[in-house]
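Student: Could you take me through how this fold is put together, beginning with its interior and then turning to its sheet?

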Amino acid sequence: MISIVILGSGNVAFHLYTTLLEIDDINVIQVFGRNSKTLERFNESIEITTYPEHIKSADLYLIAVNDDAIPDVAELLDKKTGLVCHTSGGVQMDVIKAKRKGVFYPLQSFTMNREIDFNTIPICIEAIEKSDLALLRTIGLKISRSVHEISSAQRQYLHLAAVFANNFSNHLFYIASELCKEQKLSFELLKPLLHESIAKLGHTNPKKAQTGPARRGDNLTMQKHLDQLKSPIQKKIYQLLSESIKTTYEEKL
């Protein structure tokens with residue numbers, strides 16, 4: 001039985017908690033958090049605490065807090081003998097000063113009250129000792145089919161790529177929804193297009209999948225779009241993205 005303490009009470013901590021709780025030979029023995037209110041969402045059968053001195057001994061400590069707080073939380077575990085890991089994509093493993101340290105990074109966007117199938121989520125692992133890496137791989141394979149040993153440098157670039165692919169694209173969805181709202185149009189009209197854009201990536205790569213006026217070099221259409229945009233920031237975004245697309249394909253225009 002592998003004992004685990006989760007440190008954090010946000011979305012990542014909660015999703016890890018609910019997933020690990022279902023594995024027979026894993027025992028989540030405690031959840032530590034600074035915020036007593038958000039700790040209330042965790043099952044009453046699991047011990048919760050806001051006191052660092054009450055953190056239990058465990059085989060593995062999973063730190064699931066915001067990036068800036070990781071060093072301070074990790075410091076609370078300096079004298080623990082278990083493996084101390086953070087779950088961040090953008091933070092190096094070495095911010096943890098414990099003798100046994102690692103990373104257990106689930107590459108996914110987590111939202112409260114939305115169920116996620118962990119079985120499909122890539123788990124990126126890193127550790128100094130081979131035995132600790134084996135432990136993380138064992139735990140990872142219990143909840144996911146996709147476990148990958150990735151260095152801190154690789155993971156930080158993967159996280160950067162994820163920001164472009166997920167966070168920035170979602171903001172573009174927001175801009176699109178606002179443009180629709182301004183004209184009393186439903187954002188639902190765009191959803192079949194968005195679903196097809198994602199589905200297409202199952203059969204081809206993003207470069208081949210690109211379409212649109214910038215890809216085709218339709219300068220008159222792009223100028224018309226710029227004239228329609230009222231927000232200076234939205235104009236800049238449109239121009240920068242269009243220029244990036246044109247530069248990518250300029251040898252074919």
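**Core and sheet**

Tutor: The largest nonpolar core, meaning buried (under 20% relative accessible area, 1.4 Å probe, protein chains only) Ala, Val, Leu, Ile, Met, Phe, Trp, Tyr and Cys residues joined through side-chain atoms within 4.5 Å, has 33 residues, and those with the most contacts inside it are Ile4, Phe104 and Ile139. E1, helix H1 (11-20), E2, E4, E5, E7 and H4 each supply at least two residues of this core, where helices (H or I, at least four residues) and strands (E, at least two) are DSSP runs numbered from the N terminus. This is a predicted model, in which local features need pLDDT of at least 70 and side-chain atom pairs pLDDT 80 or more, while totals for chains, interfaces and linings use all residues. Residues are numbered from 1 along each chain as its sequence is written, and side-chain values use heavy atoms, without hydrogens and water.

Student: How many residues are in the other core?

Tutor: This core lies apart from the largest one, and Ile29, Ala58, Ile63 and Ile70 are among its members. Its count of residues is 16.

Student: Which strands stand at the edges of the sheet?

Tutor: The open, mixed sheet has 8 strands in the order E3-E2-E1-E4-E5-E6-E7-E8, two strands being paired if DSSP finds at least two bridges between them. Each edge strand has a single partner, so one side of each is left without a neighbour in the sheet; these are strand E3 (47-49) and strand E8 (147-149).

Student: What is the bridge partner of Ile63 in E5?

Tutor: Strand E4 (residues 60-63) pairs with strand E5 (residues 83-86) in the parallel sense over 4 bridges. Within E5, the partner of Ile63 is His86.

Conventions
Buried means under 20% relative accessible area, exposed over 50%, partly exposed in between (1.4 Å probe, protein chains only).
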